[in-house]
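User: Please take a close look at one part of this model for me. I would like to follow a single strand and what lies on either side.

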Amino acid sequence: MTDNFVSLECPSCGAPVEVNVKEKTGFCKYCRRKFACKEALNSPQYKDYQEYQNKKQLEGDEW
């Protein structure tokens, strides 16, 4: 059962990292270093769903 979990430690100070799964970010409460998932940084950020729909229609995506 423990195979599904990993220990997250700050590479700077070794303290536990607090993770926000929804935003795919992390934060070290001790040294205040911030972390982000590479996938989250590379994905486009839309203000709202309508903006996303408009972009897809302009690209010709028939979703």
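Analyst: Here is a walk around strand 2, starting from the chain as a whole. The model is predicted. The chain holds two helices and three strands. From the N terminus on, the order is β-β-β-α-α.

Strand 2 covers residues 25-28. Look at its two faces. Gly 26 and Cys 28 make up the covered face. Thr 25 and Phe 27 make up the uncovered one. Why do the residues take turns? In a regular strand, side chains alternate between the two faces of the sheet.

Now turn to the partners. Strand 1, residues 17-20, pairs with strand 2 in the antiparallel sense, over four bridges. Within this pair, Cys 28 of strand 2 stands opposite Val 17. Four residues lie between the strands of this hairpin. Lys 24 takes a positive phi there, near 55°.

Strand 3, residues 34-36, also pairs with strand 2. This pairing is antiparallel too, over three bridges. Gly 26 has Phe 35 of strand 3 as its bridge partner. This hairpin has five residues between the strands. In it, Arg 32 takes a positive phi near 70°.

So both residues of the covered face have a named partner: Cys 28 faces Val 17, and Gly 26 is bridged to Phe 35.

Finally, step back to the whole chain. Of its 63 residues, 11% count as buried. The accessible surface comes to about 6000 Å². Carbon and sulfur atoms hold 52% of that surface. Among contacts with a separation of 6 or more, 4% join residues 24 or more positions apart.

Key:
Residues numbered from 1 in each chain as written. Predicted model: local features only at pLDDT ≥ 70, side-chain atom pairs only at ≥ 80, totals over all residues. Heavy atoms only, no water. Buried < 20%, exposed > 50% of the residue type's maximum accessible area, 1.4 Å probe, protein only. Pairing = 2+ DSSP bridges. Contact = heavy atoms within 4.5 Å. Areas by Shrake-Rupley, 256 points an atom, 1.4 Å probe, with all protein chains shown as cover.
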